[in-house]
Number of protein chains: 2
Amino acid sequence: SKSSKKKTPPVSVTSIIDGLKRLYNEKLKPLEVTYRFNDFVSPPLTNSDFEAKPMVMLLGQYSTGKTTFIKHLLRCNYPGAHIGPEPTTDRFVVVMSGPDERSIPGNTIAVHADMPFSGLATFGGAFLSKFECSQMPHPLLDQITFVDTPGVLSGEKQRTQRTYDFTGVISWFAAKCDLILLLFDPHKLDISDEFKRVIASLRGNDDKIRVVLNKADQVDTQQLMRVYGALMWSLGKVLNTPEVVRVYIGSFNDKPIEEAAAGPLGQDLFEKEQDDLLMDLMDIPRKACDRRINEFVKRARAAKINAYIISHLKKEMPSMMGKAKAQQRLIDNLQDEFGKVQREFHLPAGDFPDVQHYRETLSGYNIDKFEKLKPKMIQAVDDMLGYEIPELLKNFRNPYE
Amino acid sequence: SKSSKKKTPPVSVTSIIDGLKRLYNEKLKPLEVTYRFNDFVSPPLTNSDFEAKPMVMLLGQYSTGKTTFIKHLLRCNYPGAHIGPEPTTDRFVVVMSGPDERSIPGNTIAVHADMPFSGLATFGGAFLSKFECSQMPHPLLDQITFVDTPGVLSGEKQRTQRTYDFTGVISWFAAKCDLILLLFDPHKLDISDEFKRVIASLRGNDDKIRVVLNKADQVDTQQLMRVYGALMWSLGKVLNTPEVVRVYIGSFNDKPIEEAAAGPLGQDLFEKEQDDLLMDLMDIPRKACDRRINEFVKRARAAKINAYIISHLKKEMPSMMGKAKAQQRLIDNLQDEFGKVQREFHLPAGDFPDVQHYRETLSGYNIDKFEKLKPKMIQAVDDMLGYEIPELLKNFRNPYE
Ligand SMILES: Nc1ncnc2c1ncn2[C@@H]1O[C@H](COP(=O)(O)OP(=O)(O)OP(=O)(O)O)[C@@H](O)[C@H]1O
Ligand SMILES: Nc1ncnc2c1ncn2[C@@H]1O[C@H](COP(=O)(O)OP(=O)(O)OP(=O)(O)O)[C@@H](O)[C@H]1O
Ligand SMILES: [Mg+2]
Ligand SMILES: [Mg+2]
């Protein structure tokens with residue numbers, strides 16, 4: 001049942017993840033390496049990719065209470081946190097568990113092999129100088145990593161260009177995150193152009209988005225309804241999802257709810273909403289585990305398809321003469337070759353990689369040097385998908401279901 | 001000031017309207033008739049067009065409480081009203097002031113010269129049999145006429161075709177109305193395909209639309225926020241206005257607010273919202289008067305432009321021979337002729353009538369028989385616009401400002 005699942009303690013989650021890490025290294029990685037999956041489709045997974053905690057990213061205009069929200073959950077400031085009425089947080093801060101309180105600068109994080117942030121190096125030095133990692137020992141951070149972000153700008157301010165690809169960075173984090181919280185406050189509802197670009201950069205991760213209408217106790221009930229209505233009115237147009245996004249209405253800081261404006265509504269509604277959001281946050285480790293299993297299985301399928309393509313191309317090469325011509329022909333007709341592989345192995349067309357990108361990578365290789373199909377390697381991955389992963393889930397879930 | 005304007009009693013409004021009626025008959029109508037404005041642009045205004053009360057139309061799914069809303073405002077049922085959980089109102093009912101309680105069937109209303117509904121005859125007998133007028137003596141109806149409508153259908157039901165042009169009728173009423181209330185209830189949020197067509201048929205009258213989230217006391221606060229949010233989310237997409245529509249949240253019937261579900265929120269919010277809506281309704285006669293003055297001025301400008309066009313075409317006709325050829329050339333080059341008129345009299349291009357429609361009407365006339373420009377008639381309308389109307393407004397507003 002749902003409630004019993006929620007009780008799955010983190011140790012089981014870690015063990016499923018440990019199981020996946022072992023399966024990756026023993027079964028999937030050999031297939032990826034043999035057929036150059038890491039060049040053609042996706043870089044290899046590292047231990048840090050498996051070990052990273054589930055991540056929650058906070059986004060919103062300046063002063064909507066992002067840093068305060070994290071402080072509220074931790075019940076203390078993270079090292080280097082700045083809270084104030086003017087734009088304060090001027091960088092991306094990953095708030096994570098660590099043995100001591102310390103801040104690590106972006107340039108250092110990017111070269112840390114045991115942290116899953118090396119991909120951010122591509123955003124360059126201007127970004128890395130606005131990136132830092134804040135570590136401290138904390139029971140909540142053992143479960144969840146937070147990503148605090150600089151306030152999205154509006155009006156005059158957004159014209160002063162960022163010195164790095166702001167939405168690119170957000171898009172990178174969005175893909176890695178398990179939950180994305182968009183914060184609004186009743187006096188800052190405006191969805192600026194930069195905010196629209198930020199929301200557009202979340203595309204593909206819409207199911208991770210939740211909205212927080214923060215500081216809801218700063219206006220009276222009628223104003224709150226107007227503000228909330230106006231927010232939903234414009235979110236419906238900006239977020240391109242058919243499903244209505246979940247909005248949590250409340251005041252996420254340590255101070256008691258301001259009853260003067262909020263009235264009895266505050267007591268009732270805000271507390272329920274705050275509890276709901278907390279429950280959703282607590283549910284993240286379980287969901288993150290499900291998401292990783294899901295992504296792992298998708299990756300294994302993609303690696304198999306890549307192996308079929310590569311070995312098919314090898315098979316189509318002549319054994320003696322005209323190799324250069326044959327290679328060129330295969331590259332030119334790559335779409336048709338994909339079609340042949342798809343029909344021969346009964347694969348879904350939608351699971352195939354992008355032809356154009358594949359063609360470009362292919363032109364740097366000698367197809368004749370590719371490996372033939374090794375059925376045993378495929379079989380190992382099939383066994384993993386059909387037997388070992390289900391077994392892993394069964395062993396680590398059973399005690400709690 | 002705004003508050004003093006609100007106090008303008010209905011007698012002044014009637015008098016401004018009486019003034020406009022006199023000005024129409026003495027100054028504007030002669031110009032319209034001379035240059036066939038009523039054939040080319042708009043039928044003549046009748047006394048009933050001036051005397052009609054401001055109208056409020058109610059729209060919404062069945063059982064959202066449209067008929068109950070009218071009953072609530074009147075504090076009694078209108079003659080022939082049906083209220084119930086299943087689709088009950090099966091016709092358009094104009095609820096208006098009258099000396100006795102009675103219902104007049106649609107076919108009779110359509111031929112009544114002293115009622116502004118003769119235009120509805122074009123929707124045919126199938127519609128007229130689903131149209132009725134409900135009269136009673138009532139102080140509120142001395143100020144406002146209500147239009148109760150059959151519930152908009154959804155799901156299975158909307159497939160059973162209406163026997164008349166439902167959205168056409170709504171569009172006709174929307175143009176005549178001063179306020180359009182869209183009613184929703186928390187259990188019927190679905191904006192069906194028929195509802196979407198209805199909303200589309202309101203286009204051009206968007207500024208008249210208000211939304212009522214009725215029966216708000218039937219769900220608890222958290223549910224209400226979800227429901228209200230979802231409503232705004234989809235209204236933002238369906239109503240194509242940049243401005244957020246005003247939504248009144250409450251329970252518009254005689255029964256006291258159900259505190260069980262609504263909690264203390266009901267007392268506070270719903271009562272304020274109900275008061276706001278009532279204030280808006282009470283403000284309609286003043287606004288309706290402004291709207292009519294505005295439309296009257298627009299009409300006078302259009303009639304002048306029509307006079308310039310017609311007399312220009314007449315002037316372009318040869319005095320002796322080749323009249324048929326000249327007429328055809330003028331019709332073919334009508335756009336260019338419009339351009340000449342526009343430049344000669346320094347008129348805004350956007351105020352000109354639709355060329356295609358004008359051309360079609362023109363082909364049924366002999367341009368040579370048109371009247372030359374009569375500067376005195378134009379001067380009379382200019383005097384009306386520049387002197388008599390401002391004077392009218394001054395005389396009848398002054399005492400209250
Ligand atoms: N729930 C709340 N109710 C009232 N005030 C709040 C709330 N949350 C934050 N604040 C106040 O709002 C201001 C901005 O808070 P904070 O610095 O956390 O926002 P931020 O979103 O992190 O801003 P920035 O984007 O500039 O980093 C601070 O003065 C803070 O005390
Ligand atoms: N504010 C309210 N709170 C609770 N119940 C209501 C409220 N308004 C109406 N109702 C109930 O809802 C039902 C439908 O009401 P009503 O007939 O007025 O709706 P309607 O919109 O006119 O429906 P139709 O389109 O079928 O004519 C009735 O049972 C009525 O008593
Ligand atoms: Mg901050
Ligand atoms: Mg009804």
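Reader: How many nonpolar, polar and charged residues are in the shell around ligand 2?

Author: The classes come first: Ala, Val, Leu, Ile, Met, Phe, Trp, Tyr, Cys and Pro count as nonpolar, Asp, Glu, Lys and Arg as charged, and the others, Gly among them, as polar. In this predicted model, the shell around ligand 2 has five nonpolar, 14 polar and three charged residues. Local features need pLDDT of at least 70, side-chain atom pairs need 80 or more, and totals for chains, interfaces and linings use all residues. Residues are numbered from 1 along each chain, chains are lettered from A and ligands numbered from 1 as written, and side-chain values use heavy atoms, without hydrogens and water.

Reader: Which residues come nearest to ligand 2?

Author: A residue is near if one of its heavy atoms lies within 4 Å. Of the 22 residues around ligand 2, the nearest are B:Ser63, B:Lys66, B:Thr68, B:Thr88 and B:Thr89.

Reader: Which side chains offer N or O atoms to ligand 2?

Author: Look for polar contacts (pairs of N or O atoms within 3.5 Å; within protein, one must be able to donate a hydrogen and the other to accept it, and residues adjacent in sequence count only if both atoms are side-chain atoms). The B:Lys66 side chain has an N or O atom 2.8 Å from an oxygen of ligand 2. For B:Asn214, the partner is a nitrogen of the ligand, at 3.4 Å.

Reader: How much of ligand 2 does the protein cover?

Author: Accessible area comes from the Shrake-Rupley method with a 1.4 Å probe; for residues, only the protein chains shown count as cover. Alone, ligand 2 has 640 Å², and the protein covers 88% of that.

Reader: Which residues come nearest to ligand 1?

Author: They are A:Ser63, A:Lys66, A:Thr68, A:Thr88 and A:Thr89, out of 22 around ligand 1. A side-chain N or O atom of A:Ser251 lies 2.9 Å from a ligand 1 nitrogen.
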